[in-house]
Amino acid sequence: QEAKRLIKELLSNKPDDMAYKVKLEMLQLAIEHHVEEEEGEFFPKAKKQLSEDQIHEITEQMLELKE
C-alpha cells in the first residue's frame with residue numbers, strides 16, 4: 001500500500017522537484033525493507049511449511065503472472 005501511495009505521489013510531481021527526490025528515496029527504502037522482510041522472514045517460514053512440490057507450483061504460478 002505504501003509503495004502504491006508513493007508511486008501516485010511521484011507521478012504528480014516533477015523529477016526536478018525536491019519532494020519528488022524525497023518520495024523516490026522513501027519508495028526505494030520501502031521496497032528494500034519489503035524485500036529484506038520477505039527473504040529473511042517469510043520465505044524461510046514458507047520453506048519449512050511447504051513441500052518442494054508446493055514451492056514449485058507457486059513458483060510456476062508467479063512466473064506465469066509475471067509474463
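Is glutamate 41 buried, exposed or partly exposed, and what is its relative accessibility? In this predicted model, glutamate 41 comes out as partly exposed, at 35% relative accessibility. Its salt-bridge partner is lysine 45, with the closest N and O atoms 3.7 Å apart. That still makes the list, because the cut-off is within 4 Å. Lysine 45 is partly exposed too, with a relative accessible area of 47%. Both residues sit in helix H2, 4 residues apart, so about one helical turn separates them.

Here is the full set, a count of 3 salt bridges:

| Salt bridge | Closest N to O |
|---|---|
| Glutamate 9 and arginine 5 | 2.9 Å |
| Lysine 23 and glutamate 9 | 2.8 Å |
| Lysine 45 and glutamate 41 | 3.7 Å |

Now for the other end of the chain numbering. Glutamate 9 pairs with arginine 5 at 2.9 Å, and the two share helix H1 (residues 2-11), where they lie 4 residues apart, or about one turn of the helix. Arginine 5 counts as partly exposed at 38% relative accessibility, and glutamate 9 is partly exposed as well, with a relative accessible area of 22%. Buried would mean under 20%.

Glutamate 9 also meets lysine 23 in a salt bridge, 2.8 Å from N to O. This pair ties together distant parts of the chain: lysine 23 belongs to helix H2 (residues 18-49) and glutamate 9 to helix H1, with their positions 14 residues apart. Put the two contacts together and you get a salt-bridge network linking Arg5, Glu9 and Lys23.

Methods. Residues numbered from 1 in each chain as written. Predicted model: local features only at pLDDT ≥ 70, side-chain atom pairs only at ≥ 80, totals over all residues. Heavy atoms only, no water. Salt bridge = Lys/Arg side-chain N within 4 Å of Asp/Glu carboxyl O. Buried < 20%, exposed > 50% of the residue type's maximum accessible area, 1.4 Å probe, protein only.
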